[in-house]
Amino acid sequence: MNNRFKNEFYSLYEEYIAQSADHRKLYIDVELIDRCIRRMKLRKAAGHDGIEAEHLLHAHPILINVLSILFNAIVRYGYVPNGFGNGIIIPLAKDKLGNLSNIRNYRGITLSSAIAKLFEMCLIELAQEFLITSDLQFGFKKKLGCSHAINTMQSVINYYTARGSTVNVCALDIVKAFDKVNHYCLYTKLIRKKVPVQFLDVVINWYSKCFACVKWNNMLSGSFRLCGGVRQGGVLSPILFILYVNDIIEDLQKQGFGCRIGTRYLACIMYADDLVLLSPSLNALQLMIDQCKMSC
């Protein structure tokens, strides 16, 4: 399966590079960097380099000029510093009163470089027009949240029940979805979104050098390579993920089964990796589930 995605990507990539003269060139100026620094979340744990957002916010103004030179060199040559790919995984117990020796009782959070996060924020600003996903995806979007997804689902159900129709609901969850993203498949989806070649090359180089170690009781494990999934702890990662799964929504829309209000298709509502299917017909609902299996 991986070889198929790999071959598909390289066949598209060669043609895409040949058309690179038609792509917009990315440039990260000092104003953009300053704006992104002021939007960074404070009081967050530092990555492996020990640098926090507060260091960037209160540093001498010349730092912004230095970062502009660094970031534009990364974009120009498509080469990301090795340190940008390093992460520290901290296991957190889901249930502190549960079995702490059971690995399933833990979830990991990853600490990454604050400078890497700043660079990602700049990339998002420059390429956001190419990273647009369906309106039926409510996860990781500004001014949208879980409450909006729930309200949309309730509105669809109320619309149908008020007209004497039943609504059949199926809730799906993609297990370990963030960790199962195939990198070559992701690159192919970025090409189809027509992202700038510079953006694509940066992502490809970055994902070729993703490493992590585990921190436990102030001790660090050896470093290991991450060969799949989106980068945990990255600002760009959630956006890449919802772009990766966006085909599920688009395929369902093309299929056409499920609930509608007027001409508006509202048969699937997605929040990150959680998906709800809505259909007045059980037969149509099964066909939608089958389509989701194919899309995944």
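## A tour by selection

Start by selecting Glu-120 and Arg-231: their side chains meet in a salt bridge, 3.1 Å from N to O. A salt bridge here is a side-chain nitrogen of Lys or Arg within 4 Å of a carboxyl oxygen of Asp or Glu. Glu-120 sits in helix H5, and Arg-231 in the loop between strand S6 (224–225) and H9, so the pair ties together parts that are 111 residues apart in sequence. Helices (H or I, at least four residues) and strands (E, at least two) are DSSP runs, numbered from the N terminus. Both Glu-120 and Arg-231 are buried. Buried means under 20% relative accessible area, exposed over 50%, and partly exposed in between (1.4 Å probe, protein chains only).

Before you go on, bear in mind that this is a predicted model: local features need pLDDT of at least 70, side-chain atom pairs count only at pLDDT 80 or more, and totals for chains, interfaces and linings use all residues. Residues are numbered from 1 along each chain as its sequence is written, and side-chain values use heavy atoms, with hydrogens and water left out.

**More salt bridges**

How many salt bridges does the structure hold? There are five. For another one, select Arg-192 and Glu-8, whose side chains meet at 2.6 Å, N to O. Arg-192 belongs to helix H7 and Glu-8 to helix H1, so this pair links parts that are 184 residues apart in sequence. Arg-192 counts as exposed at 55% relative accessibility, while Glu-8 is partly exposed at 25%.

Stay on H7 and pick Lys-189 with Asp-247: a salt bridge again, at 2.5 Å, N to O. Asp-247 lies in helix H10 (residues 246–255) and Lys-189 in H7, so the pair ties together parts 58 residues apart in sequence. Lys-189 is buried, with a relative accessible area of 13%, whereas Asp-247 is partly exposed at 27%.

**Helix H8**

Next, select residues 197–207, which make up helix H8; nine of its eleven residues are buried. Show the side chains of Val-197, Gln-198, Phe-199, Leu-200, Val-202, Val-203, Asn-205, Trp-206 and Tyr-207, which are the buried ones. What do they pack against? Bring up helix H1 (2–18), helix H4 (62–77), helix H5 (114–127), helix H7 (183–192) and helix H9 (237–244) to see their partners. Packing rests on contact, meaning heavy atoms within 4.5 Å.

**Strand S2 and a positive patch**

Now select strand S2 (residues 106–112), where you'll find Arg-107 and also Thr-110. Buried or exposed: which is Thr-110? It counts as buried, at 17% relative accessibility. Leaving aside neighbours within four places in sequence, Thr-110 is in contact with Gly-87, Ile-88, Ile-89, Gln-232 and Gly-233.

Arg-107 counts as partly exposed, at 45% relative accessibility. Add Lys-94, Arg-104, Lys-176 and Lys-180 to the selection: together with Arg-107 they gather in a patch of positive charge on the surface. Residues in such a patch have over 30% relative accessible area and no salt bridge, with like charges joined within 9 Å.

**Last stop: Met-270**

Finish on strand S9 (residues 268–271), home of Met-270. Met-270 is buried, with a relative accessible area of 0%. Leaving aside neighbours within four places in sequence, the contacts of Met-270 are Leu-136, Gln-137, Phe-138, Gly-139, Ile-174, Val-245, Ile-248, Ile-249 and Leu-275. For a sense of scale, draw a distance from Met-270 to Thr-188: their C-alpha atoms are separated by 22 Å, and the two are 82 residues apart along the chain.

Key:
Patch = residues over 30% accessible without salt bridge, like charges linked within 9 Å, V, L, I, M, F, W, Y side chains within 5 Å. Areas by Shrake-Rupley, 256 points an atom, 1.4 Å probe, with all protein chains shown as cover. Lys, Arg positive; Asp, Glu negative; His and termini not counted. Charge placed at Lys NZ, Arg CZ, Asp CG, Glu CD.
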